[in-house]
Amino acid sequence: MKAKLFILFSFFIFTSSVFADDEVISENLEKGKGCLSCHEGIEPFSDGGMMAAIKALAKPFNDPGGCIVCHGGRPTATTVEEAHSGVPEKMTKQGGGPEDFYPDPGSIWIADKTCGICHQGYAERLKKALMTTEAGKLQGNFWTWGLQNELKYKAHYGNYDIKDDDGLKPAIGSDAYKDYMLKLAKANPDQFPKKLVQVPEVDIEKIPEHPNLAGMTYSRQQCQRCHTGVTGHQRRGDFRGAGCSSCHVPYGIEGFYEGNDPTINKEEPGHPMLHRLIGSRKTKTKHNGVEFSGIPSETCRTCHNRGKRIGVSYPGMMEFPYGSPYDEKGKTQPRLHGRPGYTYIKDDLHHQIESRPGNPAGGL
């Protein structure tokens with residue numbers, strides 16, 4: 001639906017450059033390094049077999065870094081503008097990959113041409129997931145506001161129009177899980193719709209006459225502002241990508257890039273912390289002397305910080321109304337997730353202890 005708008009928005013977030021668009025590099029340099037002519041030093045997005053496969057796919061296009069497989073673009077270009085537009089003609093004829101330059105390849109709107117090349121089916125499932133549709137939240141809100149009296153408890157609205165054409169049986173999971181979900185769907189058919197309708201726009205001039213319409217504007221502007229189809233709030237503690245990048249690309253609380261790509265402005269918020277994939281604990285990343293793996297709870301909190309505040313209560317943080325002196329200079333806390341201050345109470349049980357053998361102390 002609004003894929004192009006989100007891609008353009010992501011362009012600002014991911015690629016604000018410290019180089020001028022008209023800067024030119026030599027043909028000899030681009031022939032030897034491709035995209036790395038400018039981006040030399042950038043972190044490899046992954047390690048091991050995945051990165052080796054990406055580089056192998058990119059080799060015929062004079063792209064030793066493998067950038068073109070995910071981002072598209074033209075590695076043999078000699079200007080920023082040319083490099084960040086289109087894809088090589090041979091790549092277009094092959095099909096099945098990027099069709100243009102994508103600053104955020106993980107964006108759900110183009111993920112079938114990027115992440116989905118290898119991780120088939122994931123992009124489609126993410127579009128149907130509650131983290132994208134938020135159908136349950138909408139159903140609850142609209143029922144409460146009297147906006148779907150005839151539908152009652154039926155999940156009808158979503159953030160986007162979408163159909164589920166492959167049936168109720170889950171595409172992945174154990175046999176026990178699939179059997180359980182089929183029984184659950186049979187018992188609760190209203191919560192397992194075959195399609196969802198996008199929340200309609202509201203004529204605000206009609207709200208005084210029909211006050212319950214405010215439930216739709218409230219949902220659109222507040223409740224629905226953080227889902228995997230968009231980048232959400234770009235503010236302290238809430239910086240993240242869209243789609244697959246929402247969870248699998250690390251962002252710092254302040255939103256600054258801390259890697260080694262010389263083209264990314266390190267003083268401008270809104271960038272990933274590193275050009276790295278974060279997934280399971282098997283894949284480790286070392287940065288500033290600290291080794292980490294898995295998706296940290298801070299990533300979850302970029303969205304899960306409103307409503308019941310479960311994201312911030314998990315590590316023991318509670319909103320604090322007083323602007324008491326916070327540091328040695330007498331300044332108050334900087335805002336986090338849009339709120340003025342927090343105090344520590346006690347973290348969740350699952351944040352405190354080892355949940356299974358071999359698990360680092362703390363964390364799920």
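# Notebook: sheet, helices, salt bridges, pocket

**Entry 1, the open sheet.** I began with β1 and β3, which pair in the parallel sense over 2 bridges. This is a predicted model, so I read everything below as coming from a prediction. Looking across β1 and β3, I found Y157 opposite V197, the latter in β3. I then traced the rest of the sheet: it is open, has 3 strands in the order β1-β3-β2, and its pairing is mixed. I noted β1 and β2 as the edge strands, each pairing on one side only.

**Entry 2, A135.** Next I went to A135, which sits in helix α11. Buried or exposed, I asked of A135? Its relative accessibility is 6%, and under 20% means buried, so A135 counts as buried. Which residues does A135 touch, leaving out those up to four places away in sequence? I listed L130, A155, Y157 and L196. I checked Y157 against A135 in particular: the two are 22 residues apart in sequence, yet their C-alpha atoms are 5.9 Å apart in space. Y157 is also the residue I had just seen opposite V197.

**Entry 3, the rest of α11.** Besides A135, the buried residues of α11 are L138, Q139, N141 and F142. I looked for what covers them, and the cover includes α10, β1, β3 and α13. After α11 comes G146, and I wrote down its positive phi, near 70 degrees.

**Entry 4, α13.** I turned to α13, residues 214-223. Which of its residues are buried? They are G215, M216, T217, S219 and C223. I followed their packing and ended up back at familiar elements: the buried residues of α13 pack against α11 (135-144) and β1 (157-158).

**Entry 5, the β4-β5 hairpin.** I moved on to β4 and β5 (residues 290-293), which pair in the antiparallel sense over 4 bridges. K284 has S293 of β5 as its bridge partner. The two strands form a hairpin with 2 residues between them. In that turn I picked out N288, whose phi is positive at about 55 degrees. Where do the side chains of β4 point? T285 and H287 point to one face and are buried, while K284 and K286 point to the other and are not. I had the general rule in mind here: in a regular strand, side chains alternate between the two faces of the sheet.

**Entry 6, salt bridges.** How many salt bridges does a search of the whole structure find? I got 12. The background is simple: side chains of opposite charge can pair when their charged atoms come close. I looked at three pairs.

- D112 and K113 meet through their side chains at 3.8 Å, N to O. I put D112 down as partly exposed because its relative accessibility is 43%.
- D164 and K128 meet at 3.1 Å, N to O. D164 is in the loop between β2 (162-163) and α12 (175-187), and K128 is in helix α9 (residues 122-128), so this pair ties together parts that are 36 residues apart in sequence. Both came out partly exposed, D164 at 25% relative accessibility and K128 at 26%.
- E254 and R236 form a salt bridge whose closest N and O atoms are 2.8 Å apart. This pair links distant parts of the chain, 18 residues apart: E254 is in the loop between α14 (245-248) and β4 (284-287), and R236 is in the loop between α13 and α14. E254 is partly exposed, with a relative accessible area of 36%, and R236 counts as partly exposed at 25%.

I then looked for shared partners, and salt bridges join E124, K128, D164 and D166 into one network.

**Entry 7, the second largest pocket.** Last, I looked at empty space. I noted a volume of about 840 Å³ for the second largest pocket. Which residues lie nearest its centre? Of the 30 that line it, those are E134, K137, C226, C303 and H304. The elements that give two or more residues to this lining are α10 (130-133), α11, α13, α14 and α15 (297-301). I sorted the lining by class and got 10 nonpolar, 11 polar and 9 charged residues. Two helices from my earlier entries, α11 and α13, are thus among the contributors to the lining.

Key. Residues are numbered from 1 along each chain as its sequence is written. This is a predicted model: local features need pLDDT of at least 70, side-chain atom pairs count only at pLDDT 80 or more; totals for chains, interfaces and linings use all residues. Side-chain values use heavy atoms; hydrogens and water are left out. Buried means under 20% relative accessible area, exposed over 50%, partly exposed in between (1.4 Å probe, protein chains only). Contact means heavy atoms within 4.5 Å. A salt bridge is a side-chain nitrogen of Lys or Arg within 4 Å of a carboxyl oxygen of Asp or Glu. On a 1 Å grid over the protein atoms alone, a cavity is a set of points where a 1.4 Å probe fits but cannot get out, and a pocket is an open set with protein on both sides within 12 Å along at least five of seven lines; lining residues have an atom within 4 Å of a point. Grid points are joined across faces, edges and corners, and a volume is the space filled by probe spheres set on the points. Ala, Val, Leu, Ile, Met, Phe, Trp, Tyr, Cys and Pro count as nonpolar, Asp, Glu, Lys and Arg as charged, and the others, Gly among them, as polar. Two strands pair if DSSP finds at least two bridges between them.
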